[in-house]
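Trainee: I would like to learn how to read a protein model with care, going from the whole chain to single residues. Could we work through one together?

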Amino acid sequence: FSGSVASQGEDVALDLSFQTPGTSFGDMLSLVPSVYANDFAALQASGRMRVEGFVRGTYGPGAFPAFTLNATVEGGRFRYPDLPLPAREIGAVLAITNPGGDADSTVVTLERFHVVIGSDPIDASFTLRTPVSDPLLDLRAHGTVRLADLARTVKMPDVQQLDGVLSADVTVRTRYSALDAGSYEQVAASGTVAASGIALRTASLAHPIEIEEARLQLSPQHAELTSFRGKLGSSPVQASGRLDNL
C-alpha cells in the first residue's frame, strides 16, 4: 500500500494505491478458507496472479470514493500430495470498479473463469451492476463436473462417498426488480442443469442420497423439472413438474 488517509470533518479523505508484492497463485489460494483449513502447508501450487487497484476520494455520510480492484490468474494449478488429481489451467480476470459518489455505481465483472477438474473444463463469467438499488446480473456458466474426480482433487474430510456427473449450460440476465414483480418478459434465462449417477454419503447425513437422473430446463417464467429419479436411503423417489419463482 502507498498513499494517505486524512480526516476531513465527518469524512475521511483517501488516496491509496495497492498491489501484490508477489505473483504466486498459492498466495491467493491461502485466502480460501476450505483450502487453507485442509493441509494447506502441503499443497503444491503453481501459476501467476496479480492484484492491483486504488481508492481515491472522500468517504462519509454523504460521500463515497472512487475505487478499482483488478485481479488476474494465469496458468494456475494446485494439487494435494496425497490426492491423485490436480486442479489445472486455472484462469480468471476480475475487475471491481466504482467512479465515486455512490456505492450503487459499483460494477463487478468476472470476465473469465476457467478450471479443469480431471479431464473436464468449467467456464463461467458474470457481470453485476447497481448492486444496492436493483441488482442487474448477467451470468453464463458451462461445464461438467465428475464428482469422483472432484473428490480426488479437493479434500473433503466429511465425505465418505461421492460419485456421479453434474453438467450445466446456463445463461441468465435479469434485474432483481423484474423477478420481484413477476415481469418475466424482462428476464432472459435459458439452458439446462443435469445430474446422473449421483451418490453422496457423509458422516453427517443419516441416509445416503442417490440421484439416478435429474434434469432442470430453465426458461424466463419457470424451471421445468423434466425428470428426477433417485433414492433417499432405501426409499425410491420420482418427480417431475415445475419450479416457479426460482
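Trainee: What percentage of the residues in the protein is buried?

Mentor: Please keep in mind from the start that this is a predicted model. A residue counts as buried when its relative accessible area is under 20%. When that rule is applied to the 246 residues of the protein, the buried share comes to 33%.

Trainee: How many helices and strands does the protein have?

Mentor: The C-alpha trace, which spans about 65 × 50 × 30 Å along its principal axes, is the frame on which we can place these elements. Going through the protein for both kinds of element, we arrive at four helices and 13 strands.

Trainee: What part of the contacts with a separation of 6 or more comes from residues 24 or more positions apart?

Mentor: Here we take the contacts in the protein whose partners have a separation of 6 or more, and ask how many of them join residues 24 or more positions apart. The share of these contacts is 47%.

Trainee: What share of the accessible surface belongs to carbon and sulfur atoms?

Mentor: The accessible surface of the protein comes to about 14000 Å². If we divide that surface by the kind of atom it belongs to, the part held by carbon and sulfur atoms is 56%.

Trainee: How far apart are the mean positions of the positive and negative charges?

Mentor: The protein has 19 positive and 27 negative charges, and each of these two groups has its own mean position. The distance that separates the two mean positions is 8 Å.

Trainee: Which word describes the pair of F1 and F18: stacked, tilted or edge-to-face?

Mentor: The count of aromatic pairs in the protein comes to three. For F1 and F18 the ring centres are 5.6 Å apart and the planes meet at 40°. Planes under 30 degrees apart would count as stacked and planes over 60 as edge-to-face, so the pair of F1 and F18 is tilted.

Trainee: How many residues apart in sequence are the parts that this pair of F1 and F18 ties together?

Mentor: F1 belongs to the segment before β1, whereas F18 belongs to strand β2, which covers residues 11-19. The two rings also differ in their cover, as F1 is exposed at 80% relative accessibility, while F18 is buried at 18%. Because F1 and F18 lie in these two places, their pair ties together parts whose separation in sequence is 17 residues.

Trainee: Which residues are linked into a cluster by ring pairs?

Mentor: One of the pairs is formed by F64 and F67, with 6.2 Å from centre to centre and 65° between the planes, and this pair is edge-to-face. F64 counts as partly exposed, with a relative accessibility of 23%. The cluster that the ring pairs build is made of Y59, F64 and F67.

Trainee: Over the ring of which residue does the charged end of R56 sit?

Mentor: To find the partner, we look for the ring whose centre lies 4.1 Å from the charged end of R56. The ring under that charged end belongs to F54.

Trainee: Where is T130 found, and what is its phi?

Mentor: T130 lies in the loop between β7 and β8, and it is partly exposed with a relative accessible area of 22%. E89 can be set beside it, since E89 is found in strand β5 and has a positive phi of about 55° although it is not a glycine. T130 is likewise not a glycine, and its positive phi is about 40°.

Trainee: Is A206 buried or exposed?

Mentor: A206 is found in the loop between β10 and β11, and its C-alpha atom is separated by 8.3 Å from that of G233, which is 27 residues apart from A206 along the chain. The cut-off for exposed is a relative accessible area over 50%. With its value of 73%, A206 is therefore exposed.

Trainee: What does V193 touch, not counting residues up to four places away in sequence?

Mentor: V193 is found in strand β10 and is partly exposed, with a relative accessible area of 34%. Once residues up to four places away in sequence are set aside, V193 touches S167, A168, V170, A214, R215 and L216.

Notes: Residues numbered from 1 in each chain as written. Predicted model: local features only at pLDDT ≥ 70, side-chain atom pairs only at ≥ 80, totals over all residues. Heavy atoms only, no water. Buried < 20%, exposed > 50% of the residue type's maximum accessible area, 1.4 Å probe, protein only. Contact = heavy atoms within 4.5 Å. Areas by Shrake-Rupley, 256 points an atom, 1.4 Å probe, with all protein chains shown as cover. Lys, Arg positive; Asp, Glu negative; His and termini not counted. Charge placed at Lys NZ, Arg CZ, Asp CG, Glu CD. Phe/Tyr/Trp six-rings, centres within 6.5 Å; stacked < 30°, edge-to-face > 60°. Lys NZ or Arg CZ within 6 Å of the ring centre and 35° of its normal.
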